[in-house]
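Subject: A structure for you to look at

Hi,

Here is the structure I promised to pass on to you. Have a look at it first, and then read my notes below.

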Amino acid sequence: MLRTFTVYGAGTVNHENGDDYGKNNIAKKKRRDYPKKQEKGLFIFASKLPRLFVFTLIPVITALVYSLTDYDGNNRMNFVGLKNFLQLFSDSSFVFSLQNTLIYTIVTVPLIILLSLLVSVLMNNGVKGAPIYRAIMLFPHIASIVAVTVVWQFLYNAKSGPINQILQTFGVDNPPRGCRIRKPHRSR
């Protein structure tokens, strides 16, 4: 059986049963799915709100309140207004440090972004020896991972590792002897 379809603009009509695959049916289907997607999005957003309040908003508001008082952790909290900020900005060492920080940020951030963008463009545009340059650039990251691994292997050494020796000094007669991984037994 041969099915015939006619395309009208963005819509398609199946002549066999008269189904309309046009914009209107697609829009209706999207409208039906919208509340489900909206509920899912609201659920995800609502699940993040407690963390936002506990770990961001409450500490920021608390720090703002403390900055407007003379609270030192021991004595009673007295409201002093902007006195702390006026005192801070009248200190020459703070102003000098703030200027140095701003200059450093204004100079280094754009410079680092430009240099990294330039290097990445050069590496992806067929520079001769690009794999060698990539390896040289990635070596510090890999070397630090290897160094950390070696240190942890030394710390957890079953015979001479300091962690087992400390456990033995506290009276642990049989401290853990490291992780022994057995080969899986294969059935024949």
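This is a predicted model, and its mean pLDDT is 81, with 74% of the residues reaching 70 or more. Which element has the lowest mean pLDDT, and which has the highest? Strand E1 (residues 5-8) sits at the bottom with a mean of 49, while helix H2 (residues 83-90) is at the top with 94. Please keep that in mind as you click around: where pLDDT is low, the predicted coordinates should not be read in detail.

Now for the overall picture. The chain has five helices and two strands. If you follow the sequence from its start, the order is β-β-α-α-α-α-α. Of the 188 residues, 7% are buried. The chain exposes about 17,100 Å², and 66% of that area comes from carbon and sulfur atoms. You may also like this one: take the contacts between residues at least 6 apart in sequence, and 0% of them join residues at least 24 apart.

Next, the surface. A nonpolar patch there has about 1,000 Å² of accessible area in total, and its members include Leu52, Phe53, Ile58, Tyr71 and Met77. Leu57 also belongs to the patch, and you can find Leu57 in helix H1 (residues 23-67). Is Leu57 buried, partly exposed or exposed? Leu57 counts as partly exposed because its relative accessible area is 33%, which falls between the cut-offs of 20% and 50%.

Helix H1 also holds Ser67. Ser67 is classed as buried because its relative accessible area, 19%, is under 20%. A polar atom of the Ser67 side chain lies 2.7 Å from the backbone oxygen of Leu64. Leaving aside residues up to four places away in sequence, Ser67 touches Gly81, Asn84 and Phe85.

Finally, go to helix H3 (residues 92-124), where you will find Thr108. Thr108 has a relative accessible area of 18%, so this residue is buried too. What does the side chain of Thr108 reach at 2.5 Å? The partner is the backbone oxygen of Tyr104.

If you have time, try finding Ser67 and Leu64 in the viewer, and then do the same with Thr108 and Tyr104.

Enjoy exploring, and write back whenever you like!

Best wishes

Key
Residues numbered from 1 in each chain as written. Predicted model: local features only at pLDDT ≥ 70, side-chain atom pairs only at ≥ 80, totals over all residues. Heavy atoms only, no water. Patch = residues over 30% accessible without salt bridge, like charges linked within 9 Å, V, L, I, M, F, W, Y side chains within 5 Å. Areas by Shrake-Rupley, 256 points an atom, 1.4 Å probe, with all protein chains shown as cover. Salt bridge = Lys/Arg side-chain N within 4 Å of Asp/Glu carboxyl O. Helix = DSSP H or I, 4+ residues; strand = E, 2+ residues; numbered from the N terminus. Buried < 20%, exposed > 50% of the residue type's maximum accessible area, 1.4 Å probe, protein only. Polar contact = N/O pair within 3.5 Å; in protein donor to acceptor, adjacent residues only side chain to side chain. Contact = heavy atoms within 4.5 Å. pLDDT = per-residue confidence, 0-100.
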